[in-house]
Every structure is written in structure tokens, then in C-alpha cells.
Amino acid sequence: MFNRLRRLRKFLAYRPEDPEQTATGRVRPRQHNIFEAAAVYVSGCAEDDQEQIDEAVTWVSPEALSFGINELACRAVIALARERDESPQTVARSLLGLPAA
């Protein structure tokens, strides 16, 4: 019993210097978030880099990637609208080559 408590205490106190390493010594694969995946995916599409696109789609679920891409698009349109002093709708239509509404 005492041995188990000591091992449990040692396990709970373990703080690896490398966050990628677990208490068992195995290296854990790096976790990517949806926004990082979206940024890599979209930049890969813009640069026509299929390797980058393929890597990004493995990081998160398709639904999460879609949400991240949508959020990135919204933020980009807002940033461009502020920079151009135009409405987000005008900027979005312009980026897509659509006539002004």
C-alpha cells in the first residue's frame, strides 16, 4: 500500500521539462488547435502547397477545420474593411470578384 502511494505521489509530482514528454518517458505528439490548423490550411491553399494542406487536415476534425477557416475568413474581412475604411460586405464582395450590392 505504501509503495503504491509513493508511486502515485511521484507520478503526480512529475513535471517534465519537455511538455511533449509524458511521465512514462514516451514523447507525446504535439496537439494542434483549430485556429492553427486553419491558418496552415489556408496559407497552404494560397501558396498552392499540397503538403501543408494535407498536414493541416490531419490535425483536427473536418468540422473543427471548417469552423477555424470560417473564423479566419471573418477576421480577415474585418481587418481589411478597417484598413480600407469600407464595410465588411463591400470587402467580401470585392475579394470574391462580385459586383457591389
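1. Asp85 is found in the loop between helix 4 and helix 5. The model discussed in this note is predicted. The phi angle of Asp85 is near 55°, a positive value in a residue other than glycine. Most residues other than glycine have a negative phi. With a relative accessibility of 72%, Asp85 counts as exposed because the cut-off for that class is over 50%.

2. Asp48 calls for a similar remark. This residue has its place in the loop between helix 2 and helix 3. Asp48 is not a glycine, and yet its phi is positive, at about 55°. The relative accessible area of Asp48 is 70%, and the residue is exposed.

3. The overall architecture may be stated briefly. The protein contains 5 helices and 0 strands. Read from the N terminus on, its elements follow the order α-α-α-α-α. The protein has 101 residues, of which 15% count as buried. Among contacts between residues at least 6 apart in sequence, 31% join residues that are at least 24 apart.

4. The packing of helix 2 against helix 4 deserves attention. How do these two helices lie with respect to each other? Their axes come within 8 Å and cross at roughly 70°. Helix 2 and helix 4 are therefore roughly perpendicular to each other, since angles of 65 to 115 degrees fall into that class. On the side of helix 2, the contact is made by Ile34, Phe35, Ala37, Ala38, Ala39, Tyr41 and Val42. On the side of helix 4, the residues are Ala64, Leu65, Phe67, Gly68, Ile69, Glu71 and Leu72. Sorted by class, the contact of helix 2 with helix 4 has 12 nonpolar, 1 polar and 1 charged residues.

5. An aromatic pair links these two helices. How many aromatic pairs does a search of the whole structure find? The search finds 1. Its members are Phe35 and Phe67, whose ring centres are 6.3 Å apart and whose planes are 55° apart, and the pair is tilted. Phe35 lies in helix 2 and Phe67 in helix 4, so the pair ties together parts that are 32 residues apart in sequence. Are the two residues buried or exposed, or does each fall in between? Phe35, at 38% relative accessibility, counts as partly exposed. Phe67, at 44%, also counts as partly exposed.

6. The largest nonpolar core has 8 residues, namely Ala37, Ala38, Val40, Ala56, Trp59, Val60, Ala64 and Leu65. Which elements give two or more residues to this core? They are helix 2 (34-46), helix 3 (50-59) and helix 4. Helix 2 provides the largest share, 3 residues. Val40 is one of the core residues. When its neighbours within four places in sequence are left aside, Val40 is in contact with Gln52, Ala56 and Trp59.

7. Glu55 offers a further view of helix 3, where this residue has its place. The relative accessible area of Glu55 is 44%, and the residue is partly exposed. Glu55 and Tyr41 are 14 residues apart in sequence, and their C-alpha atoms are 8.1 Å apart in space. Tyr41 also belongs to the contact of helix 2 with helix 4.

8. The packing of helix 4 (residues 62-84) with helix 5 (residues 88-95) may be examined next. The angle between these helices is about 110°, and their axes are 8 Å apart. That makes helix 4 roughly perpendicular to helix 5. Val77, Leu80, Ala81 and Arg84 in helix 4 meet a group in helix 5 that consists of Pro88, Val91, Ala92, Ser94 and Leu95. The residues of this contact divide into 7 nonpolar, 1 polar and 1 charged.

9. A final point concerns Arg75, which is found in helix 4. Arg75 is exposed, with a relative accessible area of 52%. The C-alpha atoms of Arg75 and Pro88 are separated by 9.9 Å, and the two residues are 13 residues apart along the chain. Pro88 is among the residues of helix 5 that meet helix 4.

Note on methods:
Residues numbered from 1 in each chain as written. Predicted model: local features only at pLDDT ≥ 70, side-chain atom pairs only at ≥ 80, totals over all residues. Heavy atoms only, no water. Axes fitted to C-alpha atoms, helices over the stretch in contact; angles between N-to-C directions. Helix = DSSP H or I, 4+ residues; strand = E, 2+ residues; numbered from the N terminus. Parallel < 35°, antiparallel > 145°, perpendicular 65-115°, else oblique. Contact = heavy atoms within 4.5 Å. Nonpolar A, V, L, I, M, F, W, Y, C, P; charged D, E, K, R; others polar. Core = buried A, V, L, I, M, F, W, Y, C linked by side-chain atoms within 4.5 Å. Buried < 20%, exposed > 50% of the residue type's maximum accessible area, 1.4 Å probe, protein only. Phe/Tyr/Trp six-rings, centres within 6.5 Å; stacked < 30°, edge-to-face > 60°.
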